[in-house]
Amino acid sequence: MSSYSLVLRMSWRGRERGLDFVTEARCFILVLPKPVKAVIAGGLRRQIGIAQNVLLDGSKSRDFALAPDALQDLFFNWSCVSLQEAGDEFCHKNMGTGKELHQNDIGKIIIAYSDKAQQEVHIVTDHQLNVDMKCRRNCLRDQYVAGSTVHVEGICWQCPPKINFYWTVNGVEQRENHRHFIYNPKNEETRLLIDLAVEAEALKGHFSIEFQLNTPPSGGHCSVIPSAGTALETEFRIQCESYEDQDMPLDFHYFSGHFPLKRINEAQIILKLPESNTLTVLICDQWNACTETILDVDISALPRPSNFHEFLLANGTDPKGLFENSQRLAAFVLLKSVVRFVTTEDEANFVVDQVHNISLLTLLEIEQWLAISHDLVMNLRPLDYRKSLAVTKYIQKLRQGLQLIIEDQEIKYLNIERYQLATHQIVDLMREFAKPWEPPMDIQTLMPETIMATDPLAEHYSELSDFDILVMEKIANWLELSKEVERSFQMFSSQATHIYQPKEPAFVINEHPCEMLLYAIDDATRQTIALGEPSMEVHLSSEAILNLQSLVKSHDLVIQVGSMGMNRFWWYPHELPISSDVLYFSTFPRLPPSSRLNSPLSIKFHLKISLANQEIQGKFKARQHMSMFTVEVPSHSLLVLKTHNLDSSISIGIGLGEKPTGFQMQQTISKLDASQLSSQKVNFAFNNNSHTTEAYIAFLAQEEVSEFPLFFKFSVDIYQCLYWEWNMENPQWSSDGCRPKYNVTVNWQELECENHHFSDFAARTYQPTVKEDLREYWLLDHLPINWHILIFYILSLLVFLTVLLINFRRIRNTRSILISDAKHMEHPNLEIFIYTGSHWNSSSTSNIKFRFVSERGPYTLRIFQNPWRPQLLRNSICQLLLDGQNVKFPFKMVISGDQTGRFPSWYCHRITAHNHATKEKQIFLVNNWITQQPLEVMPSLSGDTWSERFHEHLSNFYINWFHFQPLWGPAKYNDSCSLQRSCIWVSQTFASVCIISCYYGPTTMDSYERDRDTYFYLRFKAGELFMLSSVDFSLTK
């Protein structure tokens, strides 16, 4: 009888749209002859109250040949035997075949059993709680393995929230009173009788279960022949005999040192081995009860070949050929043996290129490749950016193999010992990559020294060093290696949810300066995790844990926290280095990278950089003088201002993106009394924006200060919390979602950060460049009358009146009657208006011929102009008075010109006709050139009067008040004459002044400083505003 691990690979080859494609799928099947275990919820003995409904649940029965999460399609047969009274109507054989059995009002002692499982149900007077137990570790099939922890969890169904648990093992009461019970069996114990008593609000419940010791295989021995040899040359026979166990078949795990060789059911193998001093054989039954046998061997190392490339390609030592011939174990042994000779990136690339098209198919091969990659990195030291690119290929192959065995779920069969060994190896790799193997690639920047108040124009810039042309290649190589290691580590760690259980001791890696902690939780109790020396602390609030559980949709969480004791992103160029170790935090089940916590986790960093107080000096010239400084504050960072050795009382104001006003300062933003200060006082400002913001720092002497000039000193520090943003196209440090807390005053060497992400975290602190504002800020005791604005309004009124008067006289001269054929009529029947418009060619000396077509027939009228004083002028209105006997009402008009005189061309805008007798109006929109060729014009459908259109223009203007009508130049409203345009211009200007006045509001003591700054910058645009309101530059000249 044997067990088998099958990896099925299926490939499809095809051709579509002229392209060849290959599709491959795989699955992992574990064939095991394991038994079926019948389980009745509630344990061996159970108490039920009188008249209490009974539920006998067998749904936890399972076929152990199937995966735990597989569908357990089992058949059930329930039977009952009464121990007190024969012929009980409730208790009989073949009571049901479902997963559950319901019975009401049972009043007898009965025994129910299914297959080999049985349960005693005792009927008592009081109502009993429904208690059950869940196996967490080393208790499947009601058996346990010696030397391993037994972990069970008490469960109380439909119980009050506050529950007390009392555990007893083999009659001995235990101190544990939590629902999770962890017990280390003693060597002399062969069975464990575990009793659980539960109390909740005067109600009780009881559960009992018995675990039997599962003894490991015994009675056999192992041997190796020969006991000495040379790696890759000598064939060794490893044979185990006479081992017996009740849970057959046995599994044999063969190891050379820590390097896994084979996991099979065969007790004998023949193979070549890598260099080693010991061989380990682990003989296990189907329930992981194992016996370990260590064999002493002397396998000498393979001598270093003179030509590494030729040796690797020789017959019998060709990795590619071994893989193609299905000798996969021999190929991995070969790679394990030869990586000790690899010391250059060329040799590393040569080895991995030999197996470029080979995939890692099983969990065993993943472990073997990880060990090979680990040895390779250790031999390649010291690393550089070229070697890192070669190592990336090894880690990439590891990650691709992990992805396959995770998809087919073979990874779930990795036991805790192998998981911990593999985690050690990956952490070792991460620790090696975290060492700064090359000089830091700093950004070269021109940073001015802080501008001091005593000499504000003095700036000094350091010289730029030579630029490294390989810097981008170096960054790309180290970044790609970090990505692959991070992905592999995440994929491997994600399987911790199948290995670690809540309340069990944490898995700890503590190899200075590296430290990692991994443990599981299933409740919302506040968690505090400390790492390193001096320590970094991670605080998980109850709200944050509940938020995590809701995101992953599971109560069971595995938390992983670690630190390399250094910055593992040392290769990332930044003008400001980080000031702490990098802390890694993650939870499993793994959340999507874009997930954010509503309740943040809190991390306290120990800052390695001690900031020297770079004191900045300022002075007050008088009591009403305010000193102003500026500093750039990065996004999501904390500005800390410290004052030093104050001799007088001052007020301090800090504004982000806005200057503090003197009025606010006098109302006491932060008053510092020199008599109450020993050395320094601290002020804070937090930039919550996602971009760098300029901060203004204002100082003001208080009223009791009398001696001037007064000098003071201060310093500014920036504190920033960071996380490594893997989701960006070019990963980098980011502060989005990270916030420093304000209690940094307790210890300046510590910084507490609140973070909403899962990533690598760090902290940064530095002293920024502080600049003094060279403008003078003087405060006022009261607001005087603003004579300037009064004079402005008076002058504006005079200008507007002058403009209106001038244009009124002009409009009287531009309106003329050119011709009239109704001289003897007191009121002419037809009135024609010719609007020349604002086009540059709207003035003409040409003689114009009009032909009006109406019901009375065509009527021709010719206008002869004086070449020296033409009537058709730009922006003018010409009037024609016609007799109704000649023209009733035109429904078509024909216009032509002889193009004579100094200005022969003419561009006509519009002609309107008014019949005073019938009150009809026609509008002819011409907007065309008038030439010798007659132009036919039909009347427009519009019937709006000029006053209606002018009212519409004004309405539109007050909506779009900024659309100025120029006083001179082309008109934006073509129907307007000079007077009308001046009216529009005056209205616009007045409306603009009113709107600006309403926008800024009245100046008060609280606002006069902001108004002063606004008008200070507006005065440079006064010329532009004047030209905008008077002349349209685009059409002048």
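**Exercise 1.** Which cysteine does a disulfide join to Cys-721?

*Solution.* The structure is a predicted model.
Step 1. A disulfide is recognised where two cysteine sulfur atoms lie within 2.5 Å.
Step 2. The sulfur atoms of Cys-721 and Cys-753 are 1.8 Å apart, and a disulfide joins these residues.
Step 3. Cys-721 belongs to strand 41 (residues 710–725) and Cys-753 to strand 44 (residues 750–755), so the link ties together parts that are 32 residues apart in sequence.
Step 4. The torsion about this S-S bond is about -80°, so the disulfide is left-handed.
Step 5. Cys-721 and Cys-753 are both buried.

**Exercise 2.** Explain why Cys-738 has no bond to the sulfur of Cys-721.

*Solution.* Step 1. The cysteine sulfur closest to that of Cys-738 is in Cys-721, at 6.5 Å.
Step 2. The cut-off for a disulfide is 2.5 Å. The separation of 6.5 Å between Cys-738 and Cys-721 is therefore too far for a bond.
Step 3. Cys-738 is buried, its relative accessible area being 2%.
Step 4. Cys-878 is likewise in no disulfide, for the nearest cysteine sulfur, in Cys-908, is 9.5 Å away. The relative accessible area of Cys-878 is 0%, and this residue is buried.

**Exercise 3.** Determine the handedness of the disulfide between Cys-222 and Cys-240, and state which elements the pair ties together.

*Solution.* Step 1. The sulfur atoms of Cys-222 and Cys-240 are 2.0 Å apart and form a disulfide.
Step 2. The torsion about the S-S bond of Cys-222 and Cys-240 is 105°, and the link is right-handed.
Step 3. Cys-222 is found in strand 19 (residues 221–225) and Cys-240 in strand 21 (residues 235–241), so the pair connects parts that are 18 residues apart in sequence.
Step 4. A residue counts as buried under 20% relative accessible area. With 11%, Cys-222 is buried; with 6%, Cys-240 is buried.

**Exercise 4.** Classify Cys-135 and Cys-139 as buried, partly exposed or exposed, and describe the bond that joins them.

*Solution.* Step 1. The limits are 20% and 50% relative accessible area, with partly exposed in between.
Step 2. Cys-135 has a value of 29% and is therefore partly exposed.
Step 3. Cys-139 has a value of 3% and is therefore buried.
Step 4. A disulfide joins Cys-135 to Cys-139, with an S to S distance of 1.9 Å.
Step 5. The torsion about the bond of Cys-135 and Cys-139 is about 115°, so this disulfide is right-handed.

**Exercise 5.** How many disulfides does a search of the whole structure find?

*Solution.* The search finds 5 disulfides. Among them are the links Cys-135 to Cys-139, Cys-222 to Cys-240 and Cys-721 to Cys-753.

Methods. Residues are numbered from 1 along each chain as its sequence is written. This is a predicted model: local features need pLDDT of at least 70, side-chain atom pairs count only at pLDDT 80 or more; totals for chains, interfaces and linings use all residues. Side-chain values use heavy atoms; hydrogens and water are left out. Buried means under 20% relative accessible area, exposed over 50%, partly exposed in between (1.4 Å probe, protein chains only). Helices (H or I, at least four residues) and strands (E, at least two) are DSSP runs, numbered from the N terminus.
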